[in-house]
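Reader: I have a structure open and a list of terms that I do not yet trust. Could you go through them with me?

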Amino acid sequence: MATDSPASGRPKLAALPALAKNLNLVMGVVVVGMVAIVLIGNAIQDWRQFVSVMLTGITLGSMYCLVALGYTLVYGIIELINFAHGDVFMWGSMFAVTIGVSTLGLDGSQSGIVTALLLLVTMAGAMALCGTGNVIIERLVYKPLRSAPKLAPLITAIGMSFILQTLALKFYGPSEQTADNVLPDSSHHLFTIGIYGYAQKNLIVVLITLPVLAALVYLVRSTRQGKAMRAVAQDTDAARMMGIDVDRTISFTFALGGVLAGAGGTLWVLWQTSTRYDLGFQLGLFAFTAAVLGGIGNLNGAALGAFIIGLLQAGNDGLSWHVPGSSWTQSVVFAVLILILVFRPQGLLGEATADRA
Amino acid sequence: MKSVRSRALAAAALLAGLAFAAGCGSSSGGGSGGTGGGSGGSAGITASTCQNVVGSGKYTIASDFPLQGSSQHQTVQMNQAIQLVLEQHHWKAGDKTLQFQACDDSTAQLGSWDSATCSANANAYATTPSVIGVIGTFNSGCAELEVPVANQAPGGALAFVSPANTWPGLTQKTTSDPAEPLKYYPSGTRNYARVIPADNFQGPALALLAQKLNVKTVYIINDKQAYGAGVAHYFEDAAKKLGITVLGNDAYNTKTGTNYQALFQGIASKHPDAIMVGGLICENGGQLIKDKVAVLGANSGVKLLLPDGFTTQSTITDSGAKIAEGAYMSVGGVPVDQLTGAGSTFLSDFKAKYSPDAVDPYTPYAAAATEVLLQAIAASDGTRASVSSNLFGIQLTGTVLGDFAIDANGDTNQGSMTIYQAVGGQLGNAQVITPPKSLVETG
Amino acid sequence: MKHSLSESWYRLPWAVRRLAVPAVVVALFVLYPKYVTQLPVQWFPQMGVMVQMCVFAMMALGLNVVVGYAGLLDLGYVAFYAAGSYIAGMFATQQFANTTFQWKFHFLPVAVPQILPGIHISVWLLLALGAAFAAVLGIAIGLPTLRLRGDYLAIVTLGFGEIIPQAVNNGDNVFGRNVTNGPNGLTPIDQLGFGTSIHNVVSFLPANYHNEINYLDYYYYTGLALVAFTLFCCIRLRDSRLGRAWVAIREDEIAAAAMGVPLMRTKTWAYAIGAFFGGMAGCFYAIEKNSTFPGDFSLNISIFVLCMVILGGMGNVWGVMLGAVVLTYLNYQGLAAIGRQLNIDISTYSYGFFGGIIVIMMLLRPEGLIPSRRRRVEFRAAAEGVDVGHAVAEHE
């Protein structure tokens, strides 16, 4: 545990660690219990509304998931909060608009197979461009700072975020970039629960996210490159001694994060049919929160955290029985995050190592 | 050693990239046509937030808008409109020669209006003797700071004419703060007028429309900003007076990237006949409309009522013509696409000169504000106090917005609102609603 | 000629030599309002920008206690700035004379008419109150969260930085009561001043700053005094027992705990003291600009102040002040001045330029403009993988 159990070493505080541990447990149960009561209360009051809102939350969560993984991958390997990652995601959505709409002319009028093929090309293009872009950024501005104090790359990432936003503003202008509905638009419902329809495209977004996640997990778990990544994350020096090209591995990680952001950006445009230069700001913040919530550096944790944040946001906006309401969404998301971190400092699935937590 | 060199290389590459961005900037920024210097003219405002003087005259007109961040595309056009009007008047108001300076009340790091910059600007106007009037501000909050400073300026109260402030308390009594509006005028004389109807006209007009549409229950969402929450508040009051049940008045998150499906699912559980949105299209409004339609269905079913923050073609472009179809949008006077007479001439001149993507709804208001100020200056004896006192009771004919007058409070008499409907990707089905006095809430 | 000059310099007594440079710098700052208008170029910061520099210098010094001294990353410093601002906004305006409150309470207000409704407490007292309230808030936030380390602490502070402005924005309906006036903000705020009775005795102290034509000069001098106070506290703290405990925690938390440094108490002190100066700066700024709005407090401000600390050189008060001066100048005047000079509309890209400057600075000098000596050694040791304590000991 990273807590300060030897708080002061004075005898009268000797009992404190045990008490604190129990207090953590008690408080944790209270928090989880309160959330559970609100959820159950809402479910009883109107289960149809409850189910539809939760389904929306899952789609939202899968969006956050793709972005959160990018944060967690980079953090896991070089312990950098890559503030620019949300803006890479934004660029992914911009690339998707440029490739899909402007170049390939996707507008929903094509037949199913053609649309699917063109979509695949669009997504691959956005993924490739974002991956390359992320590597270029890494080589240009983070690599020279690898041995610098930890806060220097953090500030650099903030600066990079400003630059990426400004470049998007320059090339795409301040207004929204819109795309036509390529997926069946939101009036096409898969099923309806009472008055609430579940749009087909909400499911499609989740269905596209899942294989991407599976591929990522396979890559990190089972391939040579993935093993190298994990080795570098665990101990850079030891990995280097074992003959792993550390620089290449780090670049590969950034490429992977960029690719995920590209996929996420494309999905965003498919789902919401528009994007803007400042898209990355709030989404990046929430996705990063999700990564920390799950235990930063932990892939499963990031995914779990993303779905929790998605559900929380949807629940707070859409449920009506004793929830704070949408004027408090940010506060609710961050308050839950703070409470969880206070009672479980390493995040939900994080390992309780002294260095990380 | 290697790391130092690679750092220097990286820095050089970045510098080159920035120089490129700046180069592009100059080509697009050229439209402002700053001739610089103002040779022969009076000394302009030296504050660094103000751009170079354009034209050269004895008197300086300043504009005060947030030129950085999210409202930039609106404010740049407003400055262009002011310049166009000044050019068409040959930089003269009566026998007085004029020059123009565009000032910025936002900062890079905040990306929107900044209260410190607003106060600093107000001081700069007050202490620059050649400044005879200011066109601004864009945000009501900024006006709350600048007007009292200008009110106590040396040489008499300095005139402000706003094309965009809609907070009623700037000119009238309100129920929320008994000290309004007098707290903005410490010297006791008035110096502030606006050409846009305040929210207490807009809200009732939309409520009357709702009544006409046979709406029994309405749900209000607002952006929790001064403008959006204000319109929503005045709509709520009027709707209640008209016997419409208000099911709720909640805030929504305006950040780009927010999804509103869950929010509307919650609203759907209350079965409203109509949704009223207090906000702006540039605050993720397109997404809001899309998600409204996704959850509550087309606007022909559950009606969508939008104030003038949405009354622009880009509302239809951002949300999609099919989705926007049937939404109601209100505006004081006439929206840009439907201007007639002097308005349409102005619009075609404006498009010819600046070729904008789409003309913003605030652009004609900026032109009208300029015309008000020019007429007040022409009628004055050249002092600030005289310009300010000439603002009130002024009558204008044949302006961009048609004929109108400014009353003793500084409000426009264009209290009638035009309400448009999105039809086939255009603003159409215009109808005029004039809220009766009983609905226009005053303190 | 040159030779003789340097010779005569060294012939001066040691005390004179040591104090000469600081004295010149102080004189340059104190006399700034007198000569700024005479300067031939307009690149020099205007008085308004100078006041803002004072505000941000105070905030940067405060954050430096948290980040530079104690090594705790704080991304939500804006919360304390907001706390200070709203103390000034609520207790020196007509806010509590609204429809849900009809309170009237005056306590030694300066230049406020007796009949004015609402709560009006002496603004000088509010400077202390705002700072104290922020410090209490700092302790309240710090107690549950400071056992987290590094990036977890950063994200928790970021959370508070987002929650507090939202709470303020929603504070116009606290169970039906209007406490903060919500998005419309609080204005006008009572102005600083010394009151007529003091003014009549000491005529150069104005009764009310805003009645003076050069009122910004008075705010500047007040700001300078507050910065000097902050600076003094920061230097004394750095050299105190507490300051050494912070260094110990920063360098090795476990070793520090083993040596008997009470971790929680020491960290909480850093938080409270950092918050204290943030609150004071916020209170002063709100009074100076006569208003406070929820929109003034965004994550960008926290990051802006953090950039000052890191750009200037963490842990070094002079570096941090330099960082504050440079970035404030760029944000409020420099970028616009550059754009004006090049006759381009820079406003679209200023955000990006700002980012570019940060990135380039970090690439060329990641330890900051003026790093503290001990910090530099720590960084070098960390970069080379040497034990920090060893490296520091060797250096000394």
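Author: What follows takes some of those terms in turn and sets each against its cut-off. The model is a predicted one.

Reader: What makes helix 7 of chain B oblique to helix 8 of chain B?

Author: The axes of helix 7 (residues 261–268) and helix 8 (residues 285–296) of chain B come within 9 Å and cross at roughly 45°. Angles under 35 degrees count as roughly parallel, and 65 to 115 as roughly perpendicular. The crossing fits neither class, so helix 7 of chain B is oblique to helix 8 of chain B. The crossing of the two is right-handed.

Reader: Which residues make that contact?

Author: Helix 7 of chain B brings Gln261(B), Phe264(B), Gln265(B) and Ala268(B), and helix 8 of chain B brings Asp291(B), Lys292(B), Ala294(B), Val295(B) and Leu296(B). Sorted by class, the contact of these two helices has five nonpolar, two polar and two charged residues.

Reader: Why are helix 11 of chain A and helix 12 of chain A called oblique to each other?

Author: Helix 11 (residues 299–318) of chain A packs with helix 12 of chain A at an angle of about 140°, and their axes are 10 Å apart. Roughly antiparallel takes an angle over 145, and roughly perpendicular ends at 115. The angle lies between those limits, and the two helices of chain A are therefore oblique to each other. Their crossing is right-handed.

Reader: Which residues of helix 11 and helix 12 of chain A make the contact?

Author: From helix 11 of chain A come Ile309(A), Leu312(A), Gln313(A), Asn316(A) and Asp317(A); from helix 12 of chain A come Thr329(A), Val332(A), Val333(A) and Val336(A). By class there are five nonpolar, three polar and one charged residues in this contact.

Reader: What makes strand 2 and strand 6 of chain B edge strands?

Author: Six strands of chain B form an open sheet in the order 2-3-1-4-5-6, with mixed pairing. Strand 2 (92–93) and strand 6 (192–194) of chain B each pair on one side only, and they are the edge strands.

Reader: How do you know that strand 4 and strand 5 of chain B pair?

Author: Two strands pair if there are at least two bridges between them. Three bridges join strand 4 (residues 131–136) of chain B to strand 5 (residues 159–162) of chain B, so the two count as paired. These strands run parallel. Gly133(B) has Ala159(B), in strand 5 of chain B, as its bridge partner. Helix 13 (residues 384–391) of chain B packs on the sheet, where it touches strand 4, strand 5 and strand 6 of chain B. The direction of this helix makes about 40° with that of strand 5 of chain B.

Reader: How many residues does each chain give to the contact of chain C with chain B?

Author: Chain C gives 47 residues and chain B gives 49 residues. Helix 15 of chain C gives the most to the side of chain C that touches chain B, with 10 residues. That side divides into 19 nonpolar, 24 polar and four charged residues.

Reader: And how many residues does each chain give where chain A touches chain C?

Author: There, 44 residues come from chain A and 39 residues from chain C. Helix 5 of chain A gives the largest share of the side of chain A, 15 residues. The residues of that side are 29 nonpolar, 13 polar and two charged.

Definitions and conventions
Residues are numbered from 1 along each chain as its sequence is written. Chains are lettered from A and ligands numbered from 1 in the order in which they are written. This is a predicted model: local features need pLDDT of at least 70, side-chain atom pairs count only at pLDDT 80 or more; totals for chains, interfaces and linings use all residues. Two residues are in contact if their C-beta atoms, placed from the backbone, lie within 7 Å. Helices (H or I, at least four residues) and strands (E, at least two) are DSSP runs, numbered from the N terminus. Ala, Val, Leu, Ile, Met, Phe, Trp, Tyr, Cys and Pro count as nonpolar, Asp, Glu, Lys and Arg as charged, and the others, Gly among them, as polar. Axes are lines fitted to C-alpha atoms, for helices over the stretch in contact, and angles run from 0 to 180 degrees between N-to-C directions. A crossing is left-handed if the near helix is turned anticlockwise from the far one by less than a right angle, and right-handed if clockwise.
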